[in-house]
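Me: I would like to go through this model step by step, starting with the whole chain and then moving to single residues. Could you reason through each point before giving the value or name?

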Amino acid sequence: MKTPYVPFATLLKSVLLLSSPALIVMAIYVLMGFMILSHAVYAYGIIFIASGLLIYPFVGNMSLLANYVHDLSQDKRVQAPDLRFIATVAELSDALKKLQTSWETKKKQMETIITEREILVDTLPDILVMVNDEGKIVRTNRAARAIFGQNLAQKHLREVIDNGYMLSSVEAVIRDLKGREVEFRIEEPVIRDFLAIIERFPVPSAGGITTVITMNDITELKSVEQMRADFVANASHEIRTPLASIKGFIETLQGPAKDDEPARTEFLGIMLEQANRMQQLINDLLSLSKIEMNAHSVPTDPVDLATVVRRELEHFKRPAMDKNMRLSAQIQDNLPNVKGEANELAQVVHNLVGNAIKYGYRDSEVTVTLKITTELPQDINMRNHTRVVMLSVRDQGEGIPKQHLPRLMERFFRVDSARTREVGGTGLGLAIVKGIITRHRGAITIDSTQGEGSVFTAFLPIYEA
Ligand SMILES: Nc1ncnc2c1ncn2[C@@H]1O[C@H](COP(=O)(O)OP(=O)(O)O)[C@@H](O)[C@H]1O
Ligand SMILES: [Mg+2]
């Protein structure tokens, strides 16, 4: 127990106050002659000392209590003093102790709530930026810092988000208190699209926050939207072209060339060619849509790729011969099955070999290689494998300029549109290949040297029984 520190002045005042009635009574007695002065002085002396002894512990305890309350108010973790000497003080001290305990519990609860809220705000996938009425950033969450940089606090919003429309929307919300939803784009460091919801609190928070901006990165959504629109436009265009040509020939055959036998034969030949092109296009579109529909179910049958490759190469004997090309296969013995769907994998071989023959030089060579490999490409689908089956198709042709490689597998992408249409491509072959390989959780790489040729290599997981 702490020794009570008794402030002398307080003690003196208390003793004087306590003994003052006796002092007054004795003064009256002395004045009225009931008591002689010296007796009164002695008596008062005794009363003074007795009052002092009586009040000393009380003042001491009270001053300890006062110190305790003072420390508590300063948010210090203190031990309550043990004050048992006087009943009232003891009660008071007990009550204070209870107050302290309940207060500490409440404080802990509040701290927990605050921490939980911080964690929640921080781990929210949405981007959160909170600003004050001057547009200065007060708080952000982790998602916001990941996109806009680490030191955001105290910066002005306009230093962080370079988009006039967005900034004026925030200003408008601050001004008229009406929440808004805006879509905006930033160009730096990379192009990104966001959907932002801006809300203003009626009263500022303790930190001065008045406006909360929640942002969603919709870059991907936007590009998918754009791709879908492009796709419909492209597909319509591709179908319209042969259709217009067929219609033109029908009109000619009905009119000017009605009785022209040689022209009829020629035109019907072209019409059949165009109809075939349309059919091919529609078949490709249907394949693509089927693959996309099933994109999330991984095919699991055991497929003997060697048989698939041999069968597909049979189909290309004629076209290869027409260009005087040597078509050969190098297939490793005892190749394990791959996990997949035979028809789709046949389509992969078909499209890759078809391209190699289409885009390869006359009198050149096309080689298909099938083997096990442990040299895996950088691809997330390859992360859990140490060995996979590799299917590569090599041609000797003009190759593909480097700058086109990233977009080569997009739907309807062609390096040279006019020329590929001549050789009868739909521009969907590689998109189908990519779709099938992705669905099989495999990987594909393209290696190409301009003027020499290209190698398309697919990597497929091995079937484990
Ligand atoms: N082996 C190859 N050599 C050179 N260019 C190729 C090869 N394979 C594909 N390409 C290019 O990629 C484009 C897209 O291929 P693909 O999707 O199969 O469409 P296409 O129907 O035109 O063959 C082709 O138009 C062509 O420009
Ligand atoms: Mg093709």
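Me: What share of the accessible surface of the protein belongs to carbon and sulfur atoms?

Reply: This is a predicted model, in which local features need pLDDT of at least 70, side-chain atom pairs count only at pLDDT 80 or more, and totals for chains, interfaces and linings use all residues, while side-chain values use heavy atoms and leave out hydrogens and water. Residues are numbered from 1 along each chain as its sequence is written, and chains are lettered from A and ligands numbered from 1 in the order in which they are written. Accessible areas come from the Shrake-Rupley method with a 1.4 Å probe, and for residues only the protein chains shown count as cover. The surface obtained is about 28,300 Å², and the share belonging to carbon and sulfur is 57%.

Me: What radius of gyration does the protein have?

Reply: The radius of gyration is taken over C-alpha atoms, and the rule for a globule is 2.2 Å times the number of residues to the power 0.38. The C-alpha trace spans about 160 × 60 × 35 Å along its principal axes. For a compact globule of 465 residues one would expect a radius near 23 Å, but the protein has 45 Å.

Me: How many helices and strands does the protein have?

Reply: Both are DSSP runs numbered from the N terminus, with helices (H or I) needing at least four residues and strands (E) at least two. Counted in this way, the protein has 13 helices and twelve strands.

Me: Which element gives the largest share of the largest nonpolar core?

Reply: A nonpolar core is a set of buried Ala, Val, Leu, Ile, Met, Phe, Trp, Tyr and Cys residues joined through side-chain atoms within 4.5 Å, where buried means under 20% relative accessible area, exposed over 50%, and partly exposed in between (1.4 Å probe, protein chains only). The largest such core has 50 residues, and Leu305, Val309, Val353 and Leu370 have the most contacts inside it. Among the elements that give two or more residues to this core are α8 (261-293), β9 (365-373) and α13 (429-439). The largest share, eight residues, comes from α11.

Me: Is Ile198 buried or exposed?

Reply: Ile198 lies in strand β4, which covers residues 192-200. Setting aside neighbours within four places in sequence, Ile198 is in contact (heavy atoms within 4.5 Å) with ten residues' worth of partners that include Met166, Ser169, Val182 and Ile213. Because its relative accessible area is 0%, Ile198 counts as buried.

Me: Why does Ile372 count as buried?

Reply: Ile372 has its place in strand β9. Beyond its neighbours within four places in sequence, its contacts include Leu335, Pro336, Val388 and Ile462. Ile372 counts as buried because its relative accessible area is 19%.

Me: What is the phi of Arg441?

Reply: Most residues other than glycine have a negative phi. Arg441 lies in the loop between α13 and β11 (443-449), and it is partly exposed, with a relative accessible area of 29%. Its phi is positive although the residue is not glycine, with a value near 55°.

Me: Which loop holds Leu177?

Reply: Leu177 is not a glycine, yet it has a positive phi of about 65°. Its place is the loop between α6 (164-176) and β3 (180-186).

Me: How far apart in space are Asp260 and Leu460, C-alpha to C-alpha?

Reply: Asp260 is found in the loop between α7 (219-254) and α8, and it counts as partly exposed at 33% relative accessibility. Asp260 and Leu460 are 200 residues apart in sequence, and their C-alpha separation in space is 56 Å.
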